[in-house]
Amino acid sequence: MGLTLIRKGGNRPPKRNPVVSLVLAGGAVSGGAFKVGGLKALDDFLVGRKITELDMYVGLSAGALLSASLAAGITPDEMIKVLDGTSTRFEQLRPVDFYNPNLREFATRPAKFAYDVATFLPSIGLDFLRALPKLPATVGPVAQKFVRHPSYTQFEAVVLSLLDHVSPTRELPVFSNHLPSGFFDNVSIERWLRRNLERIRMPNDFRAFARKRGLSLYITACDLDTAERAIFGPDENSELTISQAVQASSALPVFYKPARLNGVDYVDGGVRHTANIDIAIEKGADLIICYNPFRPFLNRVDSPDGEAPYFADGRYLSDRGFKVVLNQAFRTLLHSRLKLGIQRYLADDRFQGDIVLLEPRERDANFFATNPMAFWKRSETVQHGFESVRSTIEQNFDALEAVFSDYGLVMDRTAAQRRATRARAAFGWHTGEAAEAMVEDRPLRLVGNKGA
């Protein structure tokens, strides 16, 4: 199941002007592309009010870039064109926008290490010579005690006193301390978004943006030096521009260097929270549509007779190597935090709205196997996200329609089918059975007995 409904407002009469919020979690490059396709599918089902016409947008990491674009009026259809270079509103997102090498640190940090190593030995030699004249006065009293009362403890005191006096005060250069803080620099993402907001004459300031669009945009990051969440928005921290906030929010540790903005180092907002549903609640959202592209892969399923477990592709995840183990652990960490948050919102009597959580299916082997930073996989990942969400909505149409109708969102199956047909033709996607096969669970086969 790729859909979770948290219904807390079903017993209350609908509000006259309910606040509808879209909350987008991270997802890196492939997760962002997956969300674009999924948002396209969701938007196809909506008639009247569309996905770019909601009241509030909350995003982090890749979701921050998408939230800013949606809030600016860029539709999911247009985002797909941005990815393939056919958009007339935004420039194409290119590999250089994501993979901008951190050349400055790769050049300066090794040079600094070489300099520190070259000057270390002469420096400690000079320190030693400076310490020698005061050596008798420092070590003498301790040595006299050892002579009068020889023991291991007194001997240890002499040695430690000697070492403390003549040991270098300078820190030994360590190579790991001179490694670059990230392979790439995501300032290129900030430049891309800034140029394109200017291109469509949209303010790059949170408050001016809110006044022009009549909606609220919130973006989160993590302050590296305090480990606290930073919230940027029209009634929150608005010292950064929208494009800078997106840069801060998408600075994935190790892959990107921290984004130093206004004297603060920021890293990816996903370090602190998987999503930001709590922000939407605090800002008065009644209906929250949350899209999280990363969830753990269900590799083992018990057989119907309970005699043996089945494994996708006939292998344990650990058999596929370190990268797959890390991928599963990373997804589990993010998803478990989100589940705990959902449980808190369910038990919180202060929130009386509804939450719609969209996610990939737990046995979606194709998406699980996609490299999160694989820009070259964007086209097929967009289509996979589209077909996955479209299939999920079709299977749960009645339940989802009942939720949306309470908040003035109208769904239409016929319109969605018509738009899907046009999209598949326009973007050269698979049609018919080939499209449905993309979202089917991969066949499982028996590889061992229960407990193996």
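Leaving aside neighbours within four places in sequence, which residues is proline 372 in contact with? The legends below start there and move on to other parts of this predicted model.

**View 1. Proline 372 in the loop between helix 13 and helix 14.** Welcome to the first close-up. Apart from its neighbours within four places in sequence, proline 372 is in contact with Gly27, Ala28, Val29, Ser30 and Phe294, where contact means heavy atoms within 4.5 Å. The C-alpha atoms of proline 372 and alanine 28 are separated by 5.6 Å, although the two residues lie 344 apart along the chain. Proline 372 counts as partly exposed because its relative accessibility is 24%; buried means under 20% relative accessible area, exposed over 50%, and partly exposed in between (1.4 Å probe, protein chains only). Helices (H or I, at least four residues) and strands (E, at least two) are DSSP runs, numbered from the N terminus.

**View 2. Tryptophan 376 in the loop between helix 13 (365–368) and helix 14.** With a relative accessible area of 59%, tryptophan 376 is exposed. Its C-alpha atom is 9.9 Å from that of arginine 94, and the two residues are 282 apart along the chain.

**View 3. Lysine 35, a residue of helix 1.** Do take a moment over this side chain. Lysine 35 has a relative accessible area of 0%, so this residue is buried. Not counting residues up to four places away in sequence, lysine 35 touches Leu24, Ala25, Gly26, Gly27, Ala62, Gly63, Leu66, Tyr291 and Pro293. From lysine 35 to proline 293 the C-alpha distance is 6.7 Å, with their positions 258 residues apart in sequence.

**View 4. Helix 1 (residues 28–45) against helix 14 (residues 378–395).** Two packed helices are described by the angle between their axes and the distance between the axes. Here the axes come within 7 Å and cross at roughly 40°; axes are lines fitted to C-alpha atoms, for helices over the stretch in contact, and angles run from 0 to 180 degrees between N-to-C directions. Helix 1 and helix 14 are therefore oblique to each other, given that angles under 35 degrees count as roughly parallel, over 145 as roughly antiparallel, 65 to 115 as roughly perpendicular and the rest as oblique. Their crossing is right-handed: the near helix is turned clockwise from the far one by less than a right angle, whereas anticlockwise would make a crossing left-handed. Among the residues that meet are Ala33, Phe34, Gly37, Gly38 and Ala41 in helix 1, and Thr381, Val382, Gly385, Phe386 and Val389 in helix 14.

**View 5. Helix 14 beside helix 16 (residues 413–427).** These two helices pack at an angle of about 165°, with their axes 12 Å apart. That makes helix 14 roughly antiparallel to helix 16. The crossing of this pair is left-handed. Phe386, Glu387, Arg390 and Glu394 of helix 14 make the contact with Arg413, Ala416, Gln417, Ala420 and Arg424 of helix 16.

**View 6. Helix 8 (residues 187–199) packed on helix 10.** The angle of this pair is about 150° and the axes are 8 Å apart, and helix 8 and helix 10 are therefore roughly antiparallel to each other. Helix 8 passes helix 10 in a right-handed crossing. On the helix 8 side the contact is made by Val187, Ile189, Glu190, Leu193, Arg194 and Leu197, and on the helix 10 side by Ile242, Ser243, Gln244, Val246 and Gln247. Helix 10 is mostly covered, with seven of its eight residues buried: Ile242, Ser243, Ala245, Val246, Gln247, Ala248 and Ser249.

**View 7. Confidence along the chain, from helix 10 to strand 16.** The pLDDT is the predictor's confidence in each residue, from 0 to 100. Its mean over the chain is 87, and 89% of the residues reach 70 or more. Confidence is highest in helix 10 (residues 242–249), at 98, and lowest in strand 16 (residues 444–446), at a mean of 31. Over residues 441–452 the pLDDT is below 50, and this stretch has 30 contacts in the model beyond near neighbours in sequence.

**A note on all views.** Residues are numbered from 1 along each chain as its sequence is written, and side-chain values use heavy atoms, with hydrogens and water left out. In this predicted model local features need pLDDT of at least 70 and side-chain atom pairs count only at pLDDT 80 or more, while totals for chains, interfaces and linings use all residues.
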